Amino acid sequence: MNRLFMALMFLGTFFTAISQILLKQSANRTWKNTLSEYLNWRVILAYTIFFGVLLLNTYAYTKVDMKYGSIIDTCSYIFVMILSVGILKERISRGKLIGNLVILTGIFLYTLPL
């Protein structure tokens, strides 16, 4: 049962990355007024996703050890980088690539059995 909730948390990090992309898309647009800037479908959907993932993680943490939850959460940085290249057509800078490699190395080292 533990692995199911770990998989749900992992899926939640992917949806968190999607919501961050939606917020970035909204921020890149020009809006006619401040209200439109904050009350548009991208922002509302992004925060709805954030809230859903928050509820999911709150329940999942009752079944998953904290040490694994923190590792799963760091995967969102990797998802954001991949989605920003694919959706926003951003370039991967050297710093972003090195940072994500450090994250992957940390995940690998942290999960090694002792």
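**Exercise 1. With which side chain does the side chain of S26 make a polar contact?** Then place S26 in the fold and decide whether S26 is buried or exposed.

*Solution.* Keep in mind that this is a predicted model.

- Step 1: Look for the polar partner. The side chain of S26 reaches the side chain of N40 in a polar contact of 3.1 Å.
- Step 2: Locate the residue. S26 belongs to helix α1, which covers residues 2–27.
- Step 3: Check the accessibility. The relative accessibility of S26 is 4%, and the cut-off for buried is under 20%, so S26 counts as buried.
- Step 4: List the surroundings. Beyond its neighbours within four places in sequence, S26 touches W31, E37, N40, R42 and V43.

**Exercise 2. Describe how α1 and α3 pack.**

*Solution.* A general reminder helps here: a pair of packed helices is described by the angle between the axes and the distance separating them.

- Step 1: Read off both values. Helix α3 spans residues 41–60, and α1 packs against α3 at an angle of about 160°, with the axes 9 Å apart.
- Step 2: Turn the angle into a description. Angles over 145 degrees count as roughly antiparallel, and α1 and α3 are therefore roughly antiparallel to each other.
- Step 3: Add the handedness. The crossing of α1 past α3 is left-handed.

**Exercise 3. Which residues form the largest nonpolar core, and which element gives the largest share?**

*Solution.*

- Step 1: Collect the members. The largest nonpolar core has 7 residues, namely A17, I21, I71, C75, F79, L83 and I107.
- Step 2: Assign them to elements. Two or more residues come from each of α1 and α4 (66–86), and α4 gives the largest share with 4 residues.
- Step 3: Zoom in on one member. Apart from neighbours within four places in sequence, I21 is in contact with V80, L83, S84, I87 and L88.
- Step 4: Look for another cluster. A second, separate core has 5 residues, among them M9, A60, V64 and I72.

**Exercise 4. What is notable about the phi of K89, and is K89 buried or exposed?**

*Solution.*

- Step 1: Check the backbone. K89 has a positive phi of about 60°, although K89 is not a glycine.
- Step 2: Place the residue. K89 sits in the loop between α4 and α5 (94–110).
- Step 3: Judge the exposure. With 64% relative accessibility, K89 counts as exposed.

**Exercise 5. Summarise the whole chain: how many helices and strands are there?**

*Solution.*

- Step 1: Count the elements. The chain has 5 helices and 0 strands.
- Step 2: Take the overall dimensions. Along the principal axes, the C-alpha atoms fill a box of roughly 55 × 35 × 20 Å.
- Step 3: Consider burial. Of the 114 residues in the chain, 28% are buried.
- Step 4: Consider contact range. Among contacts between residues at least 6 apart in sequence, 72% join residues at least 24 apart.

Note on methods. Residues are numbered from 1 along each chain as its sequence is written. This is a predicted model: local features need pLDDT of at least 70, side-chain atom pairs count only at pLDDT 80 or more; totals for chains, interfaces and linings use all residues. Side-chain values use heavy atoms; hydrogens and water are left out. Buried means under 20% relative accessible area, exposed over 50%, partly exposed in between (1.4 Å probe, protein chains only). A polar contact is a pair of N or O atoms within 3.5 Å; within protein, one must be able to donate a hydrogen and the other to accept it, and residues adjacent in sequence count only if both atoms are side-chain atoms. Contact means heavy atoms within 4.5 Å. A nonpolar core is a set of buried Ala, Val, Leu, Ile, Met, Phe, Trp, Tyr and Cys residues joined through side-chain atoms within 4.5 Å. Axes are lines fitted to C-alpha atoms, for helices over the stretch in contact, and angles run from 0 to 180 degrees between N-to-C directions. Angles under 35 degrees count as roughly parallel, over 145 as roughly antiparallel, 65 to 115 as roughly perpendicular and the rest as oblique. A crossing is left-handed if the near helix is turned anticlockwise from the far one by less than a right angle, and right-handed if clockwise.
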